[in-house]
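Biologist: I am new to this structure and would like to learn how to read it. Could we go through it feature by feature?

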Amino acid sequence: MAVMYKCDVRNPEEWRVLLAAAIPDLDFRVWPDVGNPEEITAALVWEPVPGDLARYPNLGVILSVAAGVDNILSDPDLPDVPVCRIVDEYTGMFMAEYAAYYALRFHRHMYLYDENRRQKLWRKGPRTETQDRHVGVLGLGNVGRAVAAKLAGLGFPVTGWSRSPTVIDGIATASGTDGFAEVVAQSAILVNALPLTDETRHILNAATFARMPKGSFVINMGRGEHLVPADLMASLDSGQVERAALDVFEHEPLPQDDPLWSHPGIEVTPHIAAATNLRTASRQVIENLRRLETGEPFINAVDRARGY
Ligand SMILES: NC(=O)c1ccc[n+]([C@@H]2O[C@H](COP(=O)([O-])OP(=O)(O)OC[C@H]3O[C@@H](n4cnc5c(N)ncnc54)[C@H](OP(=O)(O)O)[C@@H]3O)[C@@H](O)[C@H]2O)c1
């Protein structure tokens, strides 16, 4: 079995060592030095070059090194083989921490005190009780559930939105188009934890922001293309949205001349809400490589038609 590895944001040696410990005879080839394409039976990737995965005639599985698969499914020449992703409690935990940090920072107006401190201004800002600050969480998968649970644990009333009706203890839920309108209309803090699909692209747009309560907050940690940046900046400028935290962008790294960097109402982080935990993620990859050999169904396979 030869595995093709292509992930520019992580040192391949880290993966090689972990996989080789479990599969000593594993033939691990780092793109673009993949040798004979006919020998490649599995691909372990993040942002593969479009068209490249079609070059391996004996490819049996495509394994994402992360939770998201939009960077794989967007390949117009993607071969017809199963695509699997990482579903990990650590991802949920990290994402929930990020959401909790910004929810509290915004809820308690800490960004005002940052500015006041710079000016040596002793000035108290507005206060809202936690139970009066409604949070909407878009997406109730591995990430969204962890985010919703963490924020509910902090005392925020939380409503989560998913595609299919979902029941979660302690969290209000809604689904479908009507459910979206309801959730957004009550969200003083809106957290996006959706996967990027044709249905969710640009879901954070002018109409969404206009429906939210005035002076609300946006936290995007799904994908950059969920957001229409010009709509967000216009909503911030009008005061409809008070502040936003963005962890993901259509083009990463965010270009130096992108106005999102310098907008006073936007806090930018460099796609750090969560990072793949190699120790736990590698177990899932090893299990799927084993299943490739035995022919058993893969774990964490995505529904390619659905897009996640
Ligand atoms: N910033 C970061 O560092 C970072 C790290 C990890 C992941 N992420 C992002 O987080 C995303 C979510 O990850 P996950 O593991 O939670 O995914 P997941 O388990 O597949 O969950 C996806 C959720 O979104 C819902 N959904 C999908 N399409 C929808 C639609 N059209 N309308 C309403 N709900 C919809 C699904 O609804 P159903 O329950 O009805 O299927 C499900 O609840 C990833 O795809 C990735 O983009 C970002």
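Biologist: Let us start with the strands. In which sense do strand E1 and E2 pair, and over how many bridges?

Modeller: Keep in mind that this is a predicted model. Strand E1, residues 2-6, runs parallel to E2, and the pair is joined over four bridges. For one point of register, look at alanine 2, which stands opposite aspartate 27 in E2.

Biologist: What is the order of the strands in the open sheet?

Modeller: The sheet has five strands in the order E2-E1-E3-E4-E5, and the pairing is parallel. Its edges are strand E2 (27-30) and strand E5 (83-84), each of which pairs on one side only.

Biologist: Next, the peptide bonds. Which residues are joined by a cis peptide bond with omega of about 10°?

Modeller: Those are tryptophan 31 and proline 32. Proline 32 sits in the loop between E2 and strand E3 (40-45). Another cis bond joins glutamate 252 and proline 253, with omega of about -5°. Proline 253 belongs to the loop between strand E11 (241-246) and strand E12 (266-268).

Biologist: And what is the sign of phi in lysine 120, positive or negative?

Modeller: Phi of lysine 120 is positive, near 50°, in a residue other than glycine. To find lysine 120, go to the loop between helix H4 (110-118) and strand E6 (135-138).

Biologist: Now the ligand. How many residues surround the ligand, and which are the closest?

Modeller: Counting residues with a heavy atom within 4 Å, the ligand is surrounded by 29 residues, and the closest are Arg85, Leu140, Val143, Ser164 and Tyr308. By class, this shell divides into 13 nonpolar, ten polar and six charged residues.

Biologist: Which backbone atoms lie by the polar atoms of the ligand, for instance at arginine 163?

Modeller: At arginine 163, a backbone N or O atom is 2.9 Å from a nitrogen atom of the ligand. At glycine 222, a polar backbone atom is 3.4 Å from a ligand oxygen atom. At alanine 274, a backbone N or O atom lies 3.1 Å from an oxygen atom of the ligand.

Biologist: How much of the ligand's accessible area does the protein cover?

Modeller: On its own the ligand has 940 Å² of accessible area, and the protein covers 92% of that. Helix H3 (89-107), helix H5 (142-153) and strand E7 (158-162) are the elements that give two or more residues to the shell around the ligand.

Biologist: How does one look for empty space, and what is the count of cavities of 30 Å³ or more?

Modeller: The general idea is to roll a probe the size of a water molecule over the atoms, which shows where empty space is left. Here the count comes to one cavity of 30 Å³ or more. The largest cavity has a volume of about 40 Å³.

Biologist: Which residues line the largest cavity?

Modeller: The lining consists of Leu63, Ser64, Cys84, Arg85, Ile86, Gln284, Val285 and Asn288. Strand E4 (61-64) and helix H9 (278-294) each supply at least two residues of this lining, and H9 gives the most, with three. The lining divides into four nonpolar, three polar and one charged residue.

Biologist: What is the volume of the second largest pocket?

Modeller: The second largest pocket has a volume of about 640 Å³. It is lined by 26 residues, and those closest to its centre are Asp70, Asn71, Ser74, Leu196 and Glu225.

Biologist: How does the lining of that second largest pocket divide by class?

Modeller: It has seven nonpolar, six polar and 13 charged residues.

Technical notes:
Residues numbered from 1 in each chain as written. Predicted model: local features only at pLDDT ≥ 70, side-chain atom pairs only at ≥ 80, totals over all residues. Heavy atoms only, no water. Polar contact = N/O pair within 3.5 Å; in protein donor to acceptor, adjacent residues only side chain to side chain. Areas by Shrake-Rupley, 256 points an atom, 1.4 Å probe, with all protein chains shown as cover. Nonpolar A, V, L, I, M, F, W, Y, C, P; charged D, E, K, R; others polar. 1 Å grid on protein atoms, 1.4 Å probe; cavity = no way out; pocket = protein on both sides within 12 Å on 5 of 7 lines; lining within 4 Å. Points joined across faces, edges and corners; volume = space filled by probe spheres on them. Pairing = 2+ DSSP bridges.
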